[in-house]
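Q: Please take a close look at the salt bridges for me. Once they are covered, I would like to see how a few helices and strands are packed.

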Amino acid sequence: MKTDRNCLSGGGAVGEILRAIDWSQNPLGSVELWPQSLQTAAQIVLGSKFPMMLHWGPDLITIYNDAYAPSLGKKHPGNLGRPAKEWWSEMWDDLAPIFETVLSGEAFYVEDARYTPDRDGTQEEAFFTHCHSPLRDDEGRVAGIILVVTETTRRVVAERDLVQANAKLALEIAASKAGAARLDALIRASSEALYTMSPDWTEMHQLTSGTFLADTGSANPDWLTEYIPVDEQPRVTAAIREAVAATKVFSLEHRVNRASGGVSWTLSRAVPLLDAEGRITEWFGGASDITERRVVEATLRESEARFRNMADHAPVMMWVTDPTGFCTYLNARWYEFTGQTPEEAEGFGWLDATHPDDRAESKRIFLAANARAEPFHLEHRLRTAKGEYRWAIDAAAPRFGPERDFLGYVGSVVDIDAQKRARVILQDQNESLERRVEERTAERDRMWNTSPDLMVILSPEGIYKRANPAWKSVLGYEPSEVRGLEATSLTHPDDLAATQAALENTQSDSLPNFESRVRHRDGSYRWIHWVAAPSRDEIFAFGRHITATKETEEALRRTEETLRQSQKMEAVGQLTGGMAHDFNNLLQAMSGCLQLVGRRAGHVAGVQKILDAGRQAVDRGSSLIRQLMTFSRRQHLQPEAFDVRDRLLGMQAFLDRALRADIRLEFDLEAGLWPTMADPVQFELAVLNLATNARDAVAARGQVVVGAANVELRGENGLRGAFVRVWVQDNGRGIAPEASSRVFEPFFTTKDVGQGTGLGLAQVYGFCRQSGGTALVESAVGRGTTVTLLLPRAEAAPMDETAPQPAVMAGGGARVLLVEDDPVVAPVIMAALEDLGYRVTRAGSGEEALRRLHEGEETDLLFSDVVMPGEVDGIALAQAARRLRPGLAVVLTTGYSESRAGLEGFPVLAKPYRIERLAATLHEVLTQGKEPAPES
């Protein structure tokens, strides 16, 4: 049934707690979904002023009200909403049978049942009268228990104690009667009396005494007038009525008529004897003669009165305490001096009159002396009635009883303010010079102890005599550890000369100012800037820790050097980019000329051989240009399958030139090497980079080995499958272990500043990762380094460079608008196009070509260089031509090797290109009505 949370409304503090519980996380579920029977039961419990509790569900989740909470002790409120078994675990053996009975549908009622609940951390005996009734859910099934309970512990315990006391008294009476003769003889030989009284004390049944009181052996209704003086009778009868009404022990000190005449003091005590129903049947009592004690007490009171009178008229303040230190008396002089009242001063209130700065110490000294029961003496300031503070001496001696038991203190307080001030003035006068010296010493010591800089005193020979605490924070040494060491013993070997020179300079009274490295306790070194002040017998030196400054300067220097190297690399990149464009144009002109000569005179004897040599030179030049562009970071990866053995052996002459003459180059190439899939130019550059690093690491007459082998990986280094392993190994100085893990980081280098940018190995690692492999390094100091490249095996075979060239496609008289600004390249390309059968017109710039198109010049294909002077380059021209003539075929060419924005969607021929490739591209664009995919 869905409802609101009104069933938990009200209920006081417990109601608030219940409403705060997240019932959706409780076995009972959200309150809105509780059955109506549970909601009604909860409203009854929370609305009742009588202690009530209910348990519901299989776990018997608990809800109780404010009236029940006090009986739970520390179990409240943490057990609201918890299963009954969890929080009544110590009583579960007693409660489980009851709950089983009720859950079976039968009510359970018990009076004064004994349990041992743990309510405040320990199990204690308790008694309860309670009734458990079954609660039924909306379908009539028993689903819970409602409990109405009242705790009867106090009544049960009181009744039990009373019964035990009566039983004990009955036994005592029986024993007393059994020894009546002995008791009678004992009483008559002492100053004691025994008596029995009727339940309402209207008559005395019997009184037995010695010489103290007159005996009576029969009922005596006139006992009050015979034994009690008239003026005491009202007080005695009042005490009797109170004891009878409360059924409690009668006890009273009062005067009584003696058997021999006269009046004495007695302590009379009587206990009620009860029957089974708790009614008084008789009073049994005794009376003791306390006359002598009362006389002593009166004498003591008189003595105390005389003491107080004397103390109140004494010229000093006086006080008295009990053994606990509680002040029971202060004389009138104290109250006159401080203005306190007895209520304010007694106990420990006298401390409120002490100065706030002296209060804690005064209390500590007093309580410590009191705990040891020994004399004490202290000086502190007391507040006067006018609110001023004056110095006083507070002194006391302990009091002891006859058995040497400590009774407390009797003390005095003397105003010594005048003497104190005079002593201070005299002391200031006598110690003024000493104080000034101490102040200067203290100031020096403060500076010595708190300075963050190193301070040290040395002998003229350079022996540390004293060091300040900063040595601990800066260098890790305790000052005592430094004492006795030679200054040079902690100095870095490279700084010994400067340190020794500074020590020698102090002999000439100069003030040396220098920097040196000092060894830290952990073995490392810290930079210290020293300033020394020599004196006749000692040298005072101050050292400022400047390691952070030095490191910052070094980091800045390295950063500036790295920036310069990066700027150089960028400049080289820009330079090589421009050079590559110009060289590619030259190579294009040469290649075109060679091909035209071959087409027109290739049949002449001996010409073809010369043409082949020229073509090889052009191809090699093109490869060099790609290497230049790769070195300048302007060449994108162009992976292809290639033969690793052929590439490495082809690099031999290049590698020999890169290494020194005293370094022997060897190859260790496994037979049957697989082809690999990677950018061959980047591969060659990576090998060259590794060979250069090996050269720099090898001393005179070293060795560099270039090797390659096939390898199958099964998860090593995160790689799986077939790979070609290429390595470059040297026998140089090696790399330290802490640097080995960082060699592939950009800008990290183990070389000296100015000898490396830290980018070479990073480029090698990036090339391997982009190619689908990785790079590894193994090194040992003094034994050499091996850098390994893992490159994936190529699925396809390497391209055969000796394969026959495709047939040249004829132009068929198509009209081509050639846009080329280079006066050397343009005539060659025009001649090649015309030789192919095209009708060619040339524009020297993008602006000229665009103007011709606007003027309506007829053309079938636009063939344009990309990089040209002016505002309209090849890309802008191609885009404008497309907008002007959507069906116009466009082919672009460039001597730059890097990608340029805007080339997407246009076929691009990279210079230098062969006429065959040019013819095929133009023919495909013109005849098929679509453009081939751009060259990468």
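A: Let's fix the words for exposure before we start: a residue is buried under 20% relative accessible area, exposed over 50%, and partly exposed in between, using a 1.4 Å probe and protein chains only. This is a predicted model, in which local features need pLDDT of at least 70 and side-chain atom pairs pLDDT 80 or more, while totals for chains, interfaces and linings use all residues. Numbering starts from 1 along each chain as its sequence is written, and side-chain values use heavy atoms, leaving out hydrogens and water.

Now to the charged pairs. Side chains of opposite charge can pair when their charged atoms come close. The whole structure holds 39 salt bridges, each defined as a side-chain nitrogen of Lys or Arg within 4 Å of a carboxyl oxygen of Asp or Glu.

A good pair to begin with is Asp-137 and Arg-141, whose closest N and O atoms are 3.4 Å apart. Asp-137 is buried at 14% relative accessibility, whereas Arg-141 is exposed at 51%.

Arg-294 and Glu-253 also meet through their side chains, at 2.9 Å from N to O. Arg-294 belongs to helix α9 (residues 291-312) and Glu-253 to strand β8 (residues 250-257), so this salt bridge ties together parts that are 41 residues apart in sequence. (Helices and strands here are DSSP runs numbered from the N terminus: H or I of at least four residues for helices, E of at least two for strands.) Arg-294 is partly exposed, with a relative accessible area of 23%, and Glu-253 is partly exposed with 24%.

A further helix-to-strand link is the salt bridge between Asp-417 and Arg-390, at 3.7 Å from N to O. Since Asp-417 sits in helix α13 (residues 417-450) and Arg-390 in strand β14 (residues 389-400), the pair joins parts that are 27 residues apart in sequence. With 2% relative accessibility, Asp-417 is buried; Arg-390 is partly exposed, at 25%. Elsewhere, Asp-231, Glu-232, Arg-235 and Arg-255 are joined into one network by salt bridges that share partners.

With the charges covered, here is how some elements are packed. In helix α1 (residues 12-20), Val-14, Gly-15 and Leu-18 are the buried residues. They share one side of α1, because they span an arc of only 100 degrees around the axis, the arc being that of the directions from the helix axis to the C-beta atoms. Helix α2 (36-47) and strand β2 (61-64) are among the elements that cover them. On the face turned away from this buried side, α1 carries the exposed residues Glu-16 and Ala-20.

Strand β31 (residues 889-894) is largely enclosed by the rest of the structure, because six of its six residues are buried. In a regular strand the side chains alternate between the two faces of the sheet. From β31, Ala-889, Val-891 and Thr-893 point one way, and Val-890, Leu-892 and Thr-894 the other way. Strand β30 (residues 861-865) runs parallel to β31, joined to it by five bridges; strands pair if DSSP finds at least two bridges between them. One of these links has Leu-861 facing its bridge partner Ala-889.

Finally, look at Thr-788 in strand β27 (residues 784-792). Thr-788 is buried, at 6% relative accessibility. Leaving aside residues up to four places away in sequence, Thr-788 touches Arg-725, Val-726, Trp-727, Thr-774, Ala-775 and Leu-776, where contact means heavy atoms within 4.5 Å.
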